Amino acid sequence: MQRSEASIHQCRGPNSWNEIEPTCGGSEQSPINIAFSSAIPAQYGPIFIVNGDSPPENLLMVNNGHTVVVSMEGDRIPQVSEDSLNATFNLAQVHFHWGSNGTHGSEHALDFKRFPAELHLVHWNTKYGNFSDALQKYDGLFVLGVFVMESKSDNPYLNPIVDMLSEVRVAETNTFRSNSGFRVNDLLPKDLGKFYRYRGSLTTPSCNEVVVWNVFANPITASKEQLSKFQELLKLDGTPLVKNFRPLQLVASRKIYKRSSASVLISTLFLVVFCSLVTVYE
Ligand SMILES: [Zn+2]
């Protein structure tokens with residue numbers, strides 16, 4: 001069986017990806033450390049997700065030897081939009097990054113803190129018609145990054161995903177569910193108002209610098225037992241599929257922006273005061 005190009009690159013290790021794929025040595029690579037203190041406050045609108053509460057007809061899961069990829073089929077594919085992006089993005093797939101037992105597994109770091117896991121919801125810009133074409137455009141992809149924090153008890157919202165993992169333990173196997181009850185909103189933090197945003201790349205070859213990253217400040221949770229189900233998956237060579245995160249890349253001259261819910265609160269307060277004044281003077 002012929003190995004994919006990505007497999008060959010992965011086998012060489014992240015530090016030599018750029019020898020074969022020059023883009024991987026570019027100046028807008030991901031992941032990065034997000035330094036809270038130097039992030040620039042920005043007035044972004046809230047993230048708006050269409051069909052986030054609608055379970056897809058079919059849920060597909062693949063262990064590709066590097067991660068586990070979840071995709072959805074049917075006519076209720078989630079979409080994301082936000083005013084400043086002036087675009088609508090369709091969800092292509094969700095995948096995960098994790099560590100080994102008790103170690104860090106997230107790709108991004110928050111003030112150099114790394115979380116046990118991170119999930120990526122990869123969306124493509126609908127103005128380009130399909131994922132492959134969007135992958136070649138500067139504003140082609142919008143990825144929601146969600147940190148996963150370890151909790152004492154299970155996160156029941158993750159169970160539809162966790163329950164499928166044992167069926168894809170071996171690399172290059174897949175499984176699916178119909179009407180699983182899974183909702184994409186279950187993978188997101190409750191507060192979508194706080195996030196960081198910057199320009200970056202795919203974190204695996206070919207490292208295309210086509211991603212607007214939107215990393216949420218608040219994590220979701222998973223128990224040690226739930227995280228261990230990811231760590232039981234296997235790579236193509238039969239060894240444990242763990243620590244599937246890329247090392248941190250240089251921020252260089254890029255700007256990292258932050259949005260806090262407080263900005264919404266302030267504008268809401270202003271509206272309340274303004275409306276009260278209008279009422280008084282009417
Ligand atoms: Zn990823």
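Biologist: Is Asp 111 buried or exposed in this model?
Modeller: The model is a predicted one. Asp 111 lies in the loop between β8 (109-110) and β9. A residue with 12 or fewer C-beta neighbours inside 10 Å is classed as exposed. Because Asp 111 has 10 such neighbours, it counts as exposed.

Biologist: What is the phi of Asp 111?
Modeller: Asp 111 is not a glycine. Its phi is nevertheless positive, at about 50°.

Biologist: Asn 51 also has a positive phi although it is not a glycine; is Asn 51 buried or exposed?
Modeller: Asn 51 has a phi of about 65° and lies in the loop between β3 (48-50) and β4. The threshold for burial is 20 or more C-beta atoms within 10 Å. Since Asn 51 has 20 C-beta neighbours inside 10 Å, it counts as buried.

Biologist: How do the side chains of β4 (residues 58-63) alternate, and which of them are buried?
Modeller: Asn 58, Leu 60 and Val 62 point to one face of β4 and are not buried. The side chains that point to the other face are buried, namely Leu 59, Met 61 and Asn 63.

Biologist: Which residues are the bridge partners of Asn 58 in β5 and in β11?
Modeller: Strand β4 is joined to β5 (residues 68-73) by six bridges, and the two run antiparallel. Six bridges also join β4 to β11 (residues 173-178), again in the antiparallel sense. Asn 58 stands opposite Glu 73 in β5, and its bridge partner in β11 is Ser 178.

Biologist: Which residue takes a positive phi in the hairpin of β4 and β5?
Modeller: Four residues lie between the two strands of this hairpin. The residue with a positive phi, near 90°, is Gly 65.

Biologist: How many residues of β9 are buried?
Modeller: One side of β9 carries Ala 117, Leu 119, Leu 121, His 123 and Asn 125, which are all buried. The other side carries Glu 118, His 120, Val 122 and Trp 124, which are buried as well. Strand β9 is therefore largely enclosed by the rest of the structure, its buried residues being nine of the nine.

Biologist: Which residues stand opposite each other where β9 pairs with β7 and with β10?
Modeller: β7 and β9 pair in the antiparallel sense over nine bridges. β9 is also joined to β10 by eight bridges, and these two strands run antiparallel. In the pairing with β7, His 95 stands opposite His 120; in the pairing with β10, Val 122 stands opposite Val 143.

Biologist: Which residue of β14 is the bridge partner of Met 149?
Modeller: β10 (residues 141-151) and β14 run parallel and are joined by four bridges. Along β14 (residues 220-223), Ile 220 and Ala 222 point to one face and are buried, whereas Ser 223 and Thr 221 point to the other and are not. The bridge partner of Met 149 is Thr 221.

Biologist: Why do the buried residues of α5 lie on the same side of the helix, and against which elements do they pack?
Modeller: The buried residues of α5 are Gln 226, Leu 227, Lys 229 and Phe 230. They lie on the same side of α5 because they cover an arc of only 145° around the axis. In an α-helix, residues three or four places apart point the same way, because there are 3.6 residues a turn. The buried residues of α5 pack against β7 (88-98), β9 (117-125), β10, α4 (159-165) and β14.

Biologist: How far apart in space are Leu 241 and Trp 98?
Modeller: Leu 241 is in the loop between α5 (224-231) and β15 (257-259), and it counts as buried because it has 24 C-beta neighbours inside 10 Å. Neighbours within four places in sequence aside, Leu 241 is in contact with Leu 233, Leu 234 and Lys 235. Leu 241 and Trp 98 are 143 residues apart in sequence, and their C-alpha to C-alpha distance is 9.0 Å.

Biologist: What is the omega of the cis peptide bond between Ser 30 and Pro 31, and of that between Pro 205 and Ser 206?
Modeller: Pro 31 is located in the loop between α2 (17-20) and β1 (33-34). Ser 206 is located in the loop between β12 (195-200) and β13 (211-216). Omega is about 5° for the bond joining Ser 30 and Pro 31, and for the bond joining Pro 205 and Ser 206 it is about 20°.

Biologist: What percentage of contacts between residues at least 6 apart in sequence join residues at least 24 apart?
Modeller: The protein has six helices and 15 strands, and buried residues make up 37% of its 282 residues. Of the contacts in question, the share that joins residues at least 24 apart is 73%.

Note on methods: Residues are numbered from 1 along each chain as its sequence is written. This is a predicted model: local features need pLDDT of at least 70, side-chain atom pairs count only at pLDDT 80 or more; totals for chains, interfaces and linings use all residues. Two residues are in contact if their C-beta atoms, placed from the backbone, lie within 7 Å. Two strands pair if DSSP finds at least two bridges between them. The arc is that of the directions from the helix axis to the C-beta atoms.
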